[in-house]
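Colleague: Could you give me a close look at the salt bridges in this model, and then follow the thread out to the rings, cysteines and surface? I'd like the distances and the cut-offs spelled out.

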Amino acid sequence: MRTSRSQRCLGPNVYPEVPEGGWGWAVAVAFFLVEVCTYGTLKSQGVFLQDLMEEFGESNSRVSWVFSICVFVFTFTAPLSMMLSNRFGFRPVVMVGGILISLGTITSAFSTSINDMYITVGVVSGLGYCFAFLPTVTLLAQYFSIQRALVTSVASSGESFAIFAFAPALFALKEHIGWRYCFVALGTFQASVIGCGLLLRPIIIEPEPVKEGKLSDSLPLKERLTVLEQENELSGTSISSEDSGVTSLSTSNGDVRTAEAEKQVRMEREVQDIEGKELLLSTPPTSSSKLLDFSVLKDRAFLWYSLFGLFATLGFFAPQLYVIELSKSRGVEPGVASYMLSVIAVAEIFGRLSIGVVLNKVQCRKTLVVLGCVILLCLVLVAFAIVWEFWGLVVCCALYGYFMGTVSSTHIPMLAEEDVVGIEKMASSVGVYVFIQSFAGLAGPPLGGVLIDVTQNYGAAFYSCAVGMGLSAICLALVGPTKSGMCQRQNRHKEECRSTEEEERMSQDSGQSDFLEVDFRHAADQEHVSVI
């Protein structure tokens, strides 16, 4: 009895089709909390930048490597995360990720040099972020289809709520207890990811059983094909028996050809339906036949989309890391400067919610909507470098947060759309996609730090982000035309194959017709001889 209860509570959910909810709402809550404990805490740690520089006597670029290594490990190990998820399931991988996140953050409080934090925050916590984040967002996408964009956008707003709450709270807390105890408190809170992993019940889509008039899906494919062949032989007009010519006397040649052609086409359609169902049933949506599939790299549309993610990552992390110091350099008081992250967070919430609603209603390619947001985000990053007034910085933070929310909440779930690779290939493509992003995540913050050290101007870091975002817009613009070209080539190939099959079928029908005519003449000759 205990076993059955545990299976009902922790086992996979079986649905005849994508449920558009159900247990997916619990997975959405889990993803919200995972966003809080991963991206939310990571982007809030910019408040400790000056403290770490003073504690260890390091430069901007050296300290920024802590966050850069964390982002790099976060994204570089994405294929490993998805491989382990496909092998052992989402739940244990996410729970291990929660342990690693908490362990890395807490141990970083005891660091004696910046090199120690490269290991604790950079490697250990970074690996935990990857193990917790990717399996959760992948499973959430499988529970929804029509509302996927809206649900993922709302659930991913956990990052924004975390930045809004953590940035001023951590700034005030470190003034009382110091940055080291703040890291202990953060690590303890991040242990809640372990509980989120328990909510991740896998989903299995099993089509409803076929009605009585149709072939049973319980039979293996070969047995069903044999049954079809037997039914075709019993119901059809035999032309292989010795008296087939005599039998065909009661049927015209045109009727025989038509009947045989219809039976042939009907049987081929039934065989194709069976093969399709067999393939669907043999491949559950929550797992992949391969632990890690790099075949998506053959898809040129996916390659362009991966380059979009690569360059866009340059603008994902550096602004949150340097916006507080940028505000200080422009004359804003330190206590007020920490609220710039809160402005970004609030605006990001609205961006995530609005993009989900828009993508749910638009009729055009969804990648075009994201492209517009990327272009506007690029312009806002340029504005950061040329604005000096307090309210100008506030407006830039609000606009950046809004458009950042639209892009960051959709660039991974967008893989499930047919505009890119589709839901069938998402489990394998998401790991490869985030892996490609890792190199920009490694270079982004240090590149900004080097530019700041050379120019002594925090605005220089935002120029590098704007350049990366501009390149990502060009790559994203090429996804649609590439996908359309591939679809057209596939359609032409299918049409050519279909025409070839029709020609072969017509040649076979003509051969059968010639055989029937010869058989008919032979029977007529025998009848003429018997009359004589």
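Here is the walk-through, with the charged pairs up front.

Modeller: Sure, with the ground rules first. This is a predicted model, and local features need pLDDT of at least 70, side-chain atom pairs count only at pLDDT 80 or more, and totals for chains, interfaces and linings use all residues. Numbering runs from 1 along each chain as its sequence is written, and side-chain values use heavy atoms, with hydrogens and water left out.

On to the charges. Side chains of opposite charge can pair when their charged atoms come close. A salt bridge here is a side-chain nitrogen of Lys or Arg within 4 Å of a carboxyl oxygen of Asp or Glu, and searching the whole structure turns up eight of them. Take Lys 43 and Glu 159, whose closest N and O atoms are 2.5 Å apart. Lys 43 sits in helix α2 (residues 24-44) and Glu 159 in helix α9, so this bridge ties together parts that are 116 residues apart in sequence. Helices are DSSP runs (H or I, at least four residues; strands are E, at least two), numbered from the N terminus. Lys 43 and Glu 159 are both buried, where buried is under 20% relative accessible area, exposed is over 50% and partly exposed is in between (1.4 Å probe, protein chains only).

Glu 159 has another partner: Arg 352 forms a salt bridge with Glu 159, the closest N and O atoms being 2.7 Å apart. That pair links distant parts of the chain, with Arg 352 in helix α17 (residues 339-361) and Glu 159 in helix α9, 193 residues apart. Both ends, Arg 352 and Glu 159, are buried. Put Glu 348 into the picture and you get a network: Lys 43, Glu 159, Glu 348 and Arg 352 are linked by salt bridges.

Helix α9 also takes part in the bridge between Asp 51 and Lys 174, with the closest N and O atoms 2.5 Å apart. This one again joins distant parts of the chain, Asp 51 in helix α3 (residues 49-56) and Lys 174 in helix α9, 123 residues apart. Asp 51 is partly exposed at 21% relative accessible area, while Lys 174 is buried at 11%.

Now the rings. A pair of aromatic rings is described by the distance of the centres and the angle of the planes. Rings of Phe, Tyr and Trp (its six-membered ring) pair if their centres lie within 6.5 Å; planes under 30 degrees apart are stacked, over 60 edge-to-face, and the rest tilted. The whole structure holds 19 aromatic pairs. One is Trp 179 with Phe 183, edge-to-face at 5.6 Å centre to centre and 90° between the planes. Both sit in helix α9 (residues 158-190), four residues apart, about one turn of the helix, and both Trp 179 and Phe 183 are buried. For Tyr 305 and Phe 308, the centres are 5.2 Å apart and the planes at 55°, so that pair is tilted. Tyr 305 and Phe 308 are three residues apart in helix α14 (residues 300-312), about one helical turn, and both are buried. Elsewhere, ring pairs join Phe 31, Tyr 39, Phe 74, Tyr 129 and Phe 133 into a cluster.

Cations meet rings too. A charge sits over a ring if NZ of Lys or CZ of Arg is within 6 Å of the ring centre and within 35 degrees of the ring normal. Arg 330 does this over Trp 388, 3.9 Å from the ring centre, and Arg 87 over Phe 88, 5.0 Å from the centre.

Cysteines next: a disulfide (a pair of cysteine sulfur atoms within 2.5 Å) is not found, the search of the whole structure giving zero. For Cys 397, the closest cysteine sulfur, in Cys 396, is 7.1 Å away, too far for a bond. Cys 397 is buried at 0% relative accessibility.

Last, the surface. Trp 304, Leu 307, Val 467, Leu 471, Ile 474 and Leu 478 make a nonpolar surface patch of about 490 Å². Patches are made of residues with over 30% relative accessible area and no salt bridge, like charges joined within 9 Å and nonpolar side chains (Val, Leu, Ile, Met, Phe, Trp, Tyr) within 5 Å; areas come from the Shrake-Rupley method with a 1.4 Å probe, and for residues only the protein chains shown count as cover. Helices α14 and α21 each supply at least two residues of the patch, and α21 gives the largest share, three residues. Leu 478 lies in the loop between α21 and α22 (479-531) and is partly exposed at 31%.
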